[in-house]
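Reader: I am new to this structure and would like a close look at a single part of it, with the surroundings added step by step. Could you start from one residue and explain each term as it comes up?

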Amino acid sequence: MAKAAAGKQSVSPKDYFLRLSPGKLSGLRGVTDASGRFKVLALDQSNSFRKFIKAAMERSGKKGEVTYQQVVDAKLEITRVLAPFASAVLLDVNYGARQAINSFAVPRGVGLIVRVEASRDAGLPGEFEPGWNVAKIKKMGGTAVKLLVYMDVEDAKATKAQMSFVKRVAEDCQKEDILVMIEELSYPRKGEDKKTPSYVARRPHNIIRSAELLNPYADILKLEFPADIRSDSQQTVEKNLAEVNKVAHRPWVLLSAGEKFEVFAQQVELAMKAGCSGTMAGRAIFQEYFDVNTPAEQRRFLETTGIERMKRLNDIVDRYSTSWFERYGISQANLFAAVDPHWYFNGKVPKVASRTAVKSEY
């Protein structure tokens with residue numbers, strides 16, 4: 001079976017998925033539902049969890065620093081309650097991935113996506129989490145690798161550094177035969193914030209151009225919503241979404257970026273109708289978990305509001321999204337037909353085929 005090299009658009013998007021290696025195809029099936037749609041619960045945040053817990057401690061008058069165990073306990077509780085409603089869970093190596101495996105927090109049949117990059121400030125070149133790499137994610141049984149890169153496509157130096165890291169991770173994923181999901185994230189420049197007009201104006205183009213740059217290295221794209229539904233016209237929103245869907249050669253999923261749930265739900269419906277293949281959401285679903293004061297209230301929030309939100313997003317994805325099968329017009333029969341009889345021998349016919357050389361019944 002042909003093998004597309006990481007970083008090269010040598011085949012059409014459809015052929016890329018028809019020729020997808022067995023490890024990557026298994027990973028793709030492992031992070032989607034039976035229909036090929038993404039319903040991913042994102043829990044790979046590190047700093048935001050510590051900030052949420054610290055704020056909760058201060059409200060209750062508790063002093064001291066946030067502990068490792070507090071972060072782990074929060075991640076595992078959210079995982080246990082909400083993961084049954086997800087196609088996969090995204091976790092970090094610091095507090096979540098191994099802990100979820102050993103505690104059986106991730107249910108059978110739910111994929112495990114693991115973050116590979118270190119948590120760094122926006123604008124700094126990406127790097128691996130110390131002591132961590134793609135090979136270790138594959139070895140531990142991860143279903144897929146997630147890589148986040150902060151992008152400012154108008155900053156040539158920063159973009160070059162980020163793309164160098166992207167290429168390295170993509171090559172490692174190719175070598176280890178594991179699916180890679182690449183996330184772009186825009187960021188304000190010095191002197192700006194997320195409401196600064198100059199940042200707001202360039203953000204849609206940054207998302208669209210980032211998707212173009214990341215296409216050759218990604219199996220799946222994780223993208224921001226390319227508009228502001230509070231202030232942009234319907235025409236602008238639809239135009240930007242159509243452009244994202246056009247330039248994305250890979251299936252793309254929508255990230256929540258910490259948006260309030262009701263706003264995110266609207267974004268999800270619009271994105272799915274534009275060709276998006278699902279969601280990878282976290283804080284929009286569970287952020288208020290940290291706003292209640294007791295463990296019992298936190299659990300109740302997850303078992304009521306949290307589950308309701310997961311079901312609502314899943315319903316939107318089921319109704320309006322484009323599965324990766326549909327995106328490329330691929331059927332199971334197409335995938336089966338793409339298997340070369342000698343795929344395990346790099347497509348070459350062995351000099352002596354085992355079926356003719358062996359005379360025993362086995």
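Author: Phe104 counts as exposed because its relative accessibility is 70%, where exposed stands for over 50% relative accessible area, buried for under 20% and partly exposed for anything in between, with a 1.4 Å probe and protein chains only. This residue sits in the loop between H5 and S3; such helices (H or I, at least four residues) and strands (E, at least two) are DSSP runs, numbered from the N terminus. The phi of Phe104 is near 60°, which is a positive value in a residue other than glycine. Most residues other than glycine have a negative phi.

The model is a predicted one, in which local features need pLDDT of at least 70 and side-chain atom pairs count only at pLDDT 80 or more, while totals for chains, interfaces and linings use all residues. Residues are numbered from 1 along each chain as its sequence is written, and side-chain values use heavy atoms, leaving out hydrogens and water. The average pLDDT, the predictor's confidence in each residue from 0 to 100, is 93 for the protein, and 95% of the residues score at least 70. Over residues 1–8, however, the pLDDT is below 50, and this stretch has 21 contacts in the model beyond near neighbours in sequence, a contact being heavy atoms within 4.5 Å.

On one side of the loop that holds Phe104 is helix H5, residues 97–103, and on the other is strand S3, residues 111–115. In contrast to the exposed Phe104, strand S3 is mostly covered, with five of its five residues buried. In a regular strand the side chains alternate between the two faces of the sheet. In S3 both faces are covered, since Gly111, Ile113 and Arg115 on one side are buried, and so are Leu112 and Val114 on the other.

The neighbours of S3 can be followed in turn. Strand S2 (residues 88–91) runs parallel to S3 and is joined to it by four bridges, two strands being paired if DSSP finds at least two bridges between them. In this pairing, Val89 has Leu112 of S3 as its bridge partner. Together S2, H5 and S3 form a β-α-β unit that is right-handed, in the sense that, with the strands pointing away from the viewer, the path from the first strand over the helix to the second runs clockwise. S3 also pairs in the parallel sense with strand S4 (residues 144–150), here over three bridges, and Val145 in S4 is the bridge partner of Val114. Here too the unit, made of S3, helix H6 (residues 134–139) and S4, is a right-handed β-α-β unit.

A positive phi is also found at Ala257, where it is near 55° in a residue other than glycine. Ala257 lies in the loop between S7 and H10, and because its relative accessible area is 39%, this residue is partly exposed.

Strand S7 (residues 252–255) pairs with strand S8 over two bridges, in the parallel sense, and Leu254 stands opposite Thr279 in S8. From S7 the chain passes through helix H10 (residues 261–273) to S8, in a right-handed β-α-β crossover. Leu254, which belongs to strand S7, counts as buried because its relative accessibility is 0%. Among the residues that Leu254 touches, not counting those up to four places away in sequence, are Phe225, Phe264, Val268, Met272, Gly278 and Met280. Its C-alpha atom is separated by 9.9 Å from that of Val40, although the two residues are 214 residues apart along the chain.

Strand S8 covers residues 278–281, with Gly278 and Met280 pointing one way and Thr279 and Ala281 the other way, and all are buried. S8 also pairs with strand S1 (residues 38–43) in the parallel sense, over four bridges, and in that pairing Phe38 stands opposite Gly278.

One further loop, between helix H13 (324–328) and helix H14 (332–337), contains Gly329. Gly329 counts as partly exposed because its relative accessibility is 46%. Leaving aside neighbours within four places in sequence, Gly329 is in contact with Lys14 and Asn334. The C-alpha atoms of Gly329 and Lys14 are separated by 7.6 Å, and these residues are 315 residues apart along the chain.
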